[in-house]
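Good morning, colleagues. I would ask you to keep the sequence and the model in view while I go through burial, architecture and a few selected residues.

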Amino acid sequence: SKQVRKQRKYRHNAPLHIARKMMGVRLSKDLKKKYGKRSFPIRKGDSVKVIVGKFKGKIGKVELVDLRRMYVHVEGANIVKRDGTKIQIPIHPSNLMIMELILDDKLRREALERK
């Protein structure tokens, strides 16, 4: 459907196997050239660069991928509260760029090299 409200509802109510595909993050220029793909689903352990937002320019590893809320927690993207505790700030995958992929999974490697 073209209707924005229906698209939003579809994304919100999507089952997890489809939500994972929606968590695609664009690849860096080197990876794009190497694999011939523009984006790829993110995974814990991938090295990413924050492109937009408060932590712009920060490079870190992915610590958590939250499929239910469609957010990613990146190492080093946290704030310190007044009482001294650190809080991870969730970042939407559209604001990230994958710099380095974890390819120890055979299926993931095959999916990346598939045209």
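Of the 115 residues in the chain, 30% are buried. Please bear in mind that these values come from a predicted model. Along the principal axes, the C-alpha atoms occupy a box of roughly 50 × 35 × 25 Å.

I turn next to the secondary structure. There are four helices and seven strands in the chain. Read from the N terminus, their order is α-α-β-α-β-β-β-β-β-β-α.

Which residues have the most contacts inside the largest nonpolar core? They are Ile42, Val48, Val72, Val74, Leu96, Ile98 and Leu101, and the core as a whole comprises 24 residues. Several elements each give two or more residues to this core: the helices are H2 (16-22), H3 and H4 (106-113), and the strands are S1 (24-27), S3, S5 (71-80) and S7 (96-100). Strand S5 supplies the largest share, namely three residues. As general background, nonpolar side chains in soluble globular proteins tend to be buried together.

Let me move to the surface. Arg26, Lys29, Lys32 and Arg38 together form a positive surface patch. One member of this patch, Lys32, belongs to helix H3, which spans residues 29-35. Is Lys32 buried, partly exposed or exposed? Its relative accessibility is 35%, and therefore Lys32 counts as partly exposed. Helix H3 thus appears twice in this account: it contains Lys32 of the positive patch, and it is among the elements giving two or more residues to the largest nonpolar core.

Now to a loop residue. Where does Val52 lie? Val52 is located in the loop that runs between strand S3 (47-50) and strand S4 (59-66). Val52 is classed as partly exposed because its relative accessibility is 48%, and the class of exposed residues begins only over 50%. Between the C-alpha atoms of Val52 and Gln88 the separation is 16 Å, with their positions 36 residues apart along the chain.

My last residue is Asp66, which is part of strand S4. Why does Asp66 count as buried? The relative accessible area of Asp66 is 16%, and buried means under 20%, so the residue falls within that class. As for its position relative to Ile79, Asp66 is 13 residues away in sequence, and the C-alpha to C-alpha distance in space is 19 Å.

Thank you for your attention.

Note on methods: Residues numbered from 1 in each chain as written. Predicted model: local features only at pLDDT ≥ 70, side-chain atom pairs only at ≥ 80, totals over all residues. Heavy atoms only, no water. Patch = residues over 30% accessible without salt bridge, like charges linked within 9 Å, V, L, I, M, F, W, Y side chains within 5 Å. Areas by Shrake-Rupley, 256 points an atom, 1.4 Å probe, with all protein chains shown as cover. Salt bridge = Lys/Arg side-chain N within 4 Å of Asp/Glu carboxyl O. Lys, Arg positive; Asp, Glu negative; His and termini not counted. Charge placed at Lys NZ, Arg CZ, Asp CG, Glu CD. Buried < 20%, exposed > 50% of the residue type's maximum accessible area, 1.4 Å probe, protein only. Core = buried A, V, L, I, M, F, W, Y, C linked by side-chain atoms within 4.5 Å.
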